[in-house]
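Biologist: I have a new structure open and no idea where to begin. Can you walk me through it?

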Amino acid sequence: MKLSIFMVKNRQILPLLQEYLLIFPTIGPLGPRQVGKTTLVKNLNLDKDSIYIDLEKASDRAKLMDVELFIKAFWFS
């Protein structure tokens, strides 16, 4: 079992998400509340240039008001 701030089951989907991150610039886990989406993402081995956006936070939703501007600022800075 992997230890971190959270006790997390060794999820079979982690290696798949790691592979997707090599192919796609973004991933967006979707699902019902309280199923472990945030815990799953926080247990990915993300590099220092990665960002995490929580769409339940108004401040993070505001960042995406102009998605094109956000992407240009992040990827081309």
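Modeller: Let's go from the overall layout to single residues.

Biologist: What kind of model is this?

Modeller: This is a predicted model. The protein chain averages a pLDDT of 80. Of the residues, 84% score at least 70.

Biologist: Which elements have the lowest and the highest mean pLDDT?

Modeller: Strand β1, residues 2–3, has the lowest, with a mean of 48. Helix α3 has the highest, at 93.

Biologist: How many helices and strands are there in the protein chain?

Modeller: Four helices and two strands. Along the sequence the pattern reads β-β-α-α-α-α.

Biologist: What share of the protein chain counts as buried?

Modeller: Of its 77 residues, 12% count as buried. The accessible surface of the protein chain is about 6,700 Å². Carbon and sulfur atoms hold 59% of that surface.

Biologist: And contacts? What share joins residues 24 or more positions apart?

Modeller: They make up 43%, taken over the contacts with a separation of 6 or more. For a pair of residues far apart in sequence, look at Arg11 and Leu40, which are 29 residues apart. Their C-alpha atoms are 8.3 Å apart in space.

Biologist: Where is Arg11?

Modeller: Arg11 lies in the loop between β2 (7–8) and α1. Arg11 counts as partly exposed, because its relative accessibility is 31%.

Biologist: New topic. Which residues make the nonpolar surface patch?

Modeller: Ile13, Leu16, Tyr20, Leu22, Ile23 and Phe24. Together they make a patch of about 600 Å².

Biologist: Take Leu22. Where does Leu22 lie?

Modeller: In helix α1, which runs over residues 13–23.

Biologist: Is Leu22 buried or exposed?

Modeller: Exposed, because its relative accessibility is 76%, and the cut-off for exposed is over 50%.

Biologist: How many aromatic pairs does the structure hold?

Modeller: One. The partners are Tyr20 and Phe24.

Biologist: What is the geometry of the Tyr20 and Phe24 pair?

Modeller: Edge-to-face. The centres are 6.0 Å apart, with 75 degrees between the planes. Tyr20 has 35% relative accessibility, so Tyr20 counts as partly exposed. Phe24 is at 43%, so Phe24 is partly exposed too.

Biologist: On to charges. How many salt bridges are there?

Modeller: A search of the whole structure finds three. Start with Arg33 and Glu56, whose side chains meet at 3.0 Å, N to O. That pair links distant parts of the chain, 23 residues apart. Arg33 sits in the loop between α1 and α2 (37–42). Glu56 sits in the loop between α2 and α3 (58–63).

Biologist: Are Arg33 and Glu56 buried or exposed?

Modeller: Arg33 is exposed, because its relative accessible area is 59%. Glu56 also counts as exposed, because its relative accessibility is 58%.

Biologist: What does Asp60 form a salt bridge with?

Modeller: With Lys63. The closest N and O atoms are 3.1 Å apart. The two residues are three apart in helix α3, so about one helical turn separates them.

Biologist: How does cover compare there? Is Asp60 buried or exposed?

Modeller: Buried: Asp60 has 6% relative accessibility, and buried means under 20%. Its partner Lys63 is at 43%, so Lys63 counts as partly exposed.

Biologist: How far apart are Lys63 and Ile53?

Modeller: Their C-alpha atoms are separated by 8.9 Å. Along the chain, the two are ten residues apart.

Biologist: Back to the salt bridges. What does Glu68 pair with?

Modeller: Lys72, with the closest N and O atoms 3.2 Å apart. Both lie in helix α4, residues 67–75. They are four residues apart, about one turn of the helix.

Biologist: How exposed are Glu68 and Lys72?

Modeller: Glu68 counts as exposed, because its relative accessibility is 52%. Lys72 is at 46%, so Lys72 counts as partly exposed.

Biologist: Thanks. I'll go back to the picture with that in mind.

Technical notes. Residues are numbered from 1 along each chain as its sequence is written. Side-chain values use heavy atoms; hydrogens and water are left out. Patches are made of residues with over 30% relative accessible area and no salt bridge: like charges are joined within 9 Å, nonpolar side chains (Val, Leu, Ile, Met, Phe, Trp, Tyr) within 5 Å. Accessible areas come from the Shrake-Rupley method with a 1.4 Å probe; for residues, only the protein chains shown count as cover. A salt bridge is a side-chain nitrogen of Lys or Arg within 4 Å of a carboxyl oxygen of Asp or Glu. Buried means under 20% relative accessible area, exposed over 50%, partly exposed in between (1.4 Å probe, protein chains only). Rings of Phe, Tyr and Trp (its six-membered ring) pair if their centres lie within 6.5 Å; planes under 30 degrees apart count as stacked, over 60 as edge-to-face and the rest as tilted. Contact means heavy atoms within 4.5 Å. pLDDT is the predictor's confidence in each residue, from 0 to 100.
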